[in-house]
Amino acid sequence: MDRYYTPLKAITVFTLGLLFAGGLGWLLGYPQEFLLLYLAVLVVWNGYYLLKLSHWFWNSKSTSLPQASGIWSDIYDGLYRTQKRHYTRRKKLAALLQRFRQAAESLPDAGLVIDGEGQLIWSNKLAQQYLGLKWPMDKGVKITHLIRSPSFIKYFQQQNFDEAITLYSPTGDKREIELRIMPYVDTQYLILARDVTHIRKLERMRKEFVANVSHELKTPLTVMQGYLELLEEPEGLAPQQQTQALSEVTRQTQRMQAMVEQLLMLSRIESKHQDVPQEPVVLGSTIHNLLSELALVIESEQVHVSAHIDETLTVLGSPERLHAVVHNLLTNAIKYSGEGARIYIEWQAQEGQAHFRIQDTGPGIAPEHLARLTERFYRVAADRNSRSGGTGLGLAIVKHALEAHHSQLHIDSTEGEGSCFSFSLPKINSDCHKSDIQAT
Ligand code: ADP
């Protein structure tokens with residue numbers, strides 16, 4: 001049962017003792033002596049337990065209190081309870097702190113706490129990774145000594161933290177970090193830092209994209225405007241020149257139309273990256289159909305096309321995207337190879353995969369262009385001024401369409417010898433029924 005110390009209880013015990021000693025003394029004829037003796041015993045007894053308590057406080061390593069009797073047992077008991085309460089509270093606080101630390105570690109952002117002087121108090125693991133901090137060595141070091149970028153030092157000294165600041169990671173790994181400083185308890189500050197490399201890259205790509213589209217549309221529009229101004233005064237133009245102007249306007253319109261269609265296709269391919277249909281695609285038939293559709297162009301460009309196709313070779317994927325891949329690679333080969341060139345198309349099973357290859361004996365591509373060919377709007381400089389009508393979007397479409405199928409475009413080209421574009425996809429059947437085609 002719980003016992004409690006109360007002043008009333010202490011006074012009652014003391015008074016009863018006093019009455020007992022006084023009464024006994026009175027009976028035996030020594031009331032004063034007995035009262036004095038009682039008081040002396042009380043002083044010694046209290047002194048003993050006080051000393052015992054003091055010894056426990058200062059010298060004992062044990063957490064449990066020593067044994068006591070009488071009123072001291074209640075006092076010891078009370079002390080024990082207070083100690084137990086503090087211990088439980090400390091344990092709860094430690095658990096809370098641990099939970100806070102775990103939460104701070106699982107934050108997707110880097111977090112640091114600094115004091116009013118700018119000295120580091122705490123940081124999570126991500127902060128150590130993003131900002132190259134060494135923990136616990138950097139504890140107490142000024143933040144401006146840890147992040148030495150001049151723009152950050154200026155920002156920190158201005159003490160205006162309404163806007164975030166973006167800087168390159170001090171680790172030198174080209175990571176772009178956005179830092180935000182917020183006042184924290186009393187005179188402390190919480191610094192949150194996040195990796196914005198990807199976001200900034202996307203922003204730059206978006207700006208470049210808008211600039212490219214505007215530029216690509218502006219060129220044909222300027223050409224068309226020039227011709228239309230000339231056509232406004234037809235008497236100034238010979239009939240032959242008029243026909244020439246009209247055909248140029250038509251050509252530029254077709255170019256713009258092709259570009260808009262390719263842009264729409266690219267946006268469709270990119271936006272539906274997640275849900276690529278998994279339909280069986282017999283790519284051999286697609287190649288046959290494309291060759292028939294392009295027969296007139298093949299003839300006018302005077303190129304020789306041959307193909308070695310496994311007509312039963314089937315893959316899983318999106319018929320629309322795979323059609324776009326083959327269409328762009330084939331039209332490029334026809335467009336860029338030049339008169340008299342030979343184009344060879346192969347669609348065969350190879351090492352358990354369905355393998356596509358289109359090889360031409362055209363002019364080839366200089367090595368410095370190869371890495372950038374699949375970038376949007378990238379064209380080999382010579383083609384920019386030529387009449388090929390290209391937009392620089394074809395190979396970007398091919399790249400994204402293949403990526404949606406977890407495949408990759410391989411480009412192999414030697415200047416003066418020709419180019420080879422290839423990719424592989426997982427095949428879903430192995431029955432082979434092959435056909436060889438010759439087209440001129
Ligand atoms: P475009 O619409 O201009 O054809 P692409 O993205 O399809 O754009 O191609 C990018 C560049 O790659 C073209 O400008 C061209 O210089 C080069 N290229 C593509 N295919 C071939 C090829 N078979 N032979 C030579 N150059 C090629």
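**Sheet strands, helix α14 and S407**

User: In the hairpin of β1 and β2, which residue takes a positive phi near 85°?
Analyst: The model is predicted, with residues numbered from 1 along each chain as its sequence is written, and local features need pLDDT of at least 70. Side-chain atom pairs count only at pLDDT 80 or more, while totals for chains, interfaces and linings use all residues, and side-chain values use heavy atoms, leaving out hydrogens and water. Strands here are DSSP runs of E with at least two residues, helices are runs of H or I with at least four, and both are numbered from the N terminus. This hairpin has 5 residues between its strands, and the positive phi near 85° belongs to G118.

User: How many bridges join β1 to β2?
Analyst: Two strands count as paired if DSSP finds at least two bridges between them. β1 and β2 run antiparallel, and L112 stands opposite S123 of β2. The number of bridges joining β1 to β2 is 3.

User: Which residue of β5 stands opposite I114?
Analyst: β1 also pairs with β5, in the antiparallel sense and over 5 bridges. Opposite I114 in β5 stands Y189.

User: What is the order of the strands in the open sheet of 5 strands?
Analyst: Pairing in this sheet is antiparallel. Strand β1 sits between β2 and β5 in the order, and β4 pairs with β3 in the antiparallel sense over 4 bridges. The full order is β2-β1-β5-β4-β3.

User: Which strands stand at the edges, with one side left without a neighbour in the sheet?
Analyst: An edge strand here has a single partner, so one side of it has no neighbour in the sheet. For the strand at 165–168, the partner is β4 (176–183), where L167 has I177 as its bridge partner. The two edge strands are β2 (120–123) and β3.

User: Which residues of β1 point the other way from A110, L112 and I114?
Analyst: β1 covers residues 110–114, and 5 of its 5 residues are buried, so the strand is largely enclosed by the rest of the structure. Buried means under 20% relative accessible area, with exposed over 50% and partly exposed in between (1.4 Å probe, protein chains only). In a regular strand the side chains alternate between the two faces of the sheet. On one side of β1 are A110, L112 and I114; pointing the other way are G111 and V113.

User: Why is α14 largely enclosed, and against which elements do its buried residues pack?
Analyst: Of the 10 residues of α14, 8 are buried, so the helix is largely enclosed by the rest of the structure. The buried ones are G394, L395, A396, I397, V398, H400, A401 and L402. They pack, by contact of heavy atoms within 4.5 Å, against α8, α11 and β12.

User: Is S407 buried or exposed?
Analyst: S407 belongs to the loop between α14 (394–403) and β11 (410–414). Leaving aside neighbours within four places in sequence, S407 is in contact with L402, F423, S424 and L425. L402 is among the buried residues of α14. With a relative accessibility of 8%, S407 counts as buried.

User: How far does the backbone oxygen of S424 lie from a polar atom of the S407 side chain?
Analyst: S424 is one of the residues in contact with S407. The atoms concerned are the backbone oxygen of S424 and a polar atom of the S407 side chain. They lie apart by 2.7 Å.

Notes. Polar contact = N/O pair within 3.5 Å; in protein donor to acceptor, adjacent residues only side chain to side chain.
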